[in-house]
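Open your viewer and load the model shown here. Keep the selection tool at hand, and follow the stops in order.

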Amino acid sequence: MRVLSRWMPVATALASTMSSQVVASIESPSLLPTPPMGFNNWARYMCDLNETLFVDAADAMASNGLLEAGYNRINLDDCWMNYARAENGSLEWNITKFPRGLPWLGQYVKSKGFNFGIYEDSGNLTCGGYPGSLGYEEMDAETFASWGIDYLKLDGCNVYPKDGRTSQEEYKHLYGYWHEILSKMEQPLIFSESAPAYFCEDDNMTDWNAVMDWVPGYGELARHSDDIIVYGGKGNAWDSVMINYGFNTLVARYQGPGFYNDPDFLISDHPGLSMDEKRSQFALWASFSAPLIISAHIPDLTSDDLEYLTNKALIDVDQDPLAQQATLASRDSSLDILTRSLADGSRLATVLNRGSDAIEKDISVDVLGLSSDCTYKAQDLWDGSVQTIKGGLPIKLNTHATGVYKIEVDEKCSQVVPTGIIFNTASGKCLAGTSSSVGFESCNGSKSQIWQVDALGAIRTLSEQSKCLTADGEAVSLKECKQSNAQKWSYAITGNLKNGESGSCLTEGGGVSACGFEVNNQVFGLPAGVQIAR
């Protein structure tokens with residue numbers, strides 16, 4: 001998708017999804033057990049691509065430590081082909097740009113230790129005006145495989161509804177068809193889907209949420225929002241990073257091993273980003289277990305750029321086998337605190353300073369889902385230093401900087417409770433609960449807005465631990481916890497928070513009401529680790 005969007009509010013949660021029609025990628029994660037890492041030309045060069053660009057990128061990555069660190073994919077984006085298909089209908093590469101051909105380029109990058117990926121479009125034309133795949137899907141899949149390609153990024157420009165389908169239904173039809181084709185291949189291609197990005201601009205988010213509901217069943221990763229800013233593009237680079245960061249926090253419930261939410265490229269040499277901002281993008285993407293695809297002039301990356309891009313501790317977080325996406329534990333006007341669990345039992349705390357001033361404070365460990373009575377060891381994943389903490393994690397951050405800490409959890413203090421904000425994905429407001437009222441308000445980081453969700457589905461704030469969120473007719477309130485059905489809630493893949501007694505759904509501005517399909521005021525993000533009702 002080739003536009004930039006407005007900023008949108010954020011909310012989070014974690015899960016996988018299923019497809020009843022075909023074998024879903026997320027049900028068989030072996031094709032892509034951890035998020036992909038590598039290089040793509042688009043954000044840096046757009047259509048100014050050629051053979052030399054990719055040869056030079058592969059050579060540089062093989063020698064500067066990027067390949068060794070795990071960046072093992074070389075992916076072509078739009079504009080690699082001729083403006084017309086061959087007489088037999090097959091795609092042809094542009095021989096001026098690629099004089100030795102794409103099969104040769106594929107063999108070359110593989111000889112260096114890389115995998116080879118390509119771009120196409122599900123419509124009749126690509127975004128750059130080249131032949132799309134519509135009507136040629138099986139032929140194109142076979143062609144790509146014959147060229148040694150194992151990764152397909154499928155865009156969604158120039159898609160027009162047919163046979164009475166809505167726009168959302170047309171995208172589902174086309175991407176579902178591609179999934180069927182790829183699934184039948186002897187060596188299925190990794191499938192990167194761009195369909196959700198074409199609905200992210202809508203004020204009514206129903207279609208966008210609906211597309212996000214089905215993409216995890218069709219492919220291994222999905223672009224959910226607008227293109228990140230290109231190298232020479234208009235606009236503010238940090239704002240662009242924050243837009244895609246914000247969208248990514250809305251969709252954590254869909255992610256699990258085999259499927260990854262994709263907030264787009266790492267723009268590591270963009271002149272509009274400070275070093276703190278570059279490091280923040282990398283740290284946030286790693287905390288999300290998002291794809292780490294660099295779009296930059298690789299041979300000229302500085303030693304400082306290479307140092308953060310090859311940070312082993314953060315790459316290990318990104319490649320953690322749980323693939324749990326970090327979610328918002330707290331948010332105020334300037335500070336985002338995100339948490340998740342890692343496969344070794346430790347807890348990750350990621351702290352982003354969105355504000356314009358430096359910040360120094362202690363973060364209470366109960367906000368991270370940990371016990372205030374226990375002592376922990378916290379490792380700073382930027383410099384490797386370790387400190388012992390009890391009660392609070394001290395942080396000090398420059399403007400737009402991000403700190404990332406791995407907190408060791410021992411057997412005596414092993415219990416981690418899913419903790420964080422309950423956040424409406426359309427309005428951006430946080431659910432707040434006090435003894436006198438429960439409702440939605442601007443997020444301010446207070447403990448009345450930070451909720452814990454236990455294994456039985458009871459939900460309580462950090463400020464009112466003895467009281468649980470309770471449905472009372474059409475209203476919601478905090479009442480003494482009694483494990484009643486009115487105090488049990490289930491979280492659906494659609495983002496609904498459903499009450500166990502009434503079957504009604506939490507509704508911003510309306511207490512609880514009949515559950516609708518992906519309506520704006522009933523889709524919420526919850527903390528990572530909350531069980532998802534299928």
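The tour runs from the whole chain to the domains, then to single residues.

**Whole chain**

Start with everything selected. This is a predicted model. Show it as a cartoon: there are 11 helices and 30 strands.

Now rotate to the principal axes. The C-alpha trace spans about 75 × 55 × 40 Å along them. How does the radius of gyration agree with that of a compact globule? For 534 residues, a compact globule would have a value near 24 Å; the protein has 23 Å, which agrees.

Next, show contacts. Take those with a sequence separation of 6 or more: residues 24 or more positions apart account for 70% of them.

**Surface and charge**

Switch on the surface. The protein exposes about 19,600 Å². Carbon and sulfur atoms supply 47% of that area. Of the 534 residues, 60% count as buried.

Colour by charge. You will find 39 positive and 67 negative charges. What distance lies between the mean positions of the two sets? They are 5 Å apart.

**Domains**

Give each domain its own colour. Select 37–319 for domain 1, 327–413 for domain 2 and 419–525 for domain 3. These bounds come from the domain assignment.

Hide domain 2 for a moment. The centres of domain 1 and domain 3, taken over C-alpha atoms, are separated by 36 Å. The two domains also touch: 10 residues of domain 1 are in contact with 13 residues of domain 3.

**Stop at T249**

Select helix α8, residues 237–249. T249 belongs to this helix. Is T249 buried or exposed? Its relative accessibility is 0%, so T249 counts as buried; the cut-off for buried is under 20%.

Add N496 to the selection. Measure C-alpha to C-alpha between T249 and N496: the distance in space is 16 Å. In sequence the pair is 247 residues apart.

**Stop at G345**

Bring domain 2 back. Select strands β10 (335–341) and β11 (347–353), then the loop between them. G345 sits in that loop. The relative accessible area of G345 is 39%, so this residue is partly exposed. That class lies between the buried limit of 20% and the exposed limit of 50%.

Finish by adding D410. Along the chain, G345 and D410 are 65 residues apart. Their C-alpha atoms are separated by 8.4 Å.

Key:
Residues numbered from 1 in each chain as written. Predicted model: local features only at pLDDT ≥ 70, side-chain atom pairs only at ≥ 80, totals over all residues. Heavy atoms only, no water. Helix = DSSP H or I, 4+ residues; strand = E, 2+ residues; numbered from the N terminus. Rg over C-alpha atoms; globule rule 2.2 N^0.38 Å. Buried < 20%, exposed > 50% of the residue type's maximum accessible area, 1.4 Å probe, protein only. Contact = heavy atoms within 4.5 Å. Areas by Shrake-Rupley, 256 points an atom, 1.4 Å probe, with all protein chains shown as cover. Lys, Arg positive; Asp, Glu negative; His and termini not counted. Charge placed at Lys NZ, Arg CZ, Asp CG, Glu CD. Domains from an automatic or database assignment.
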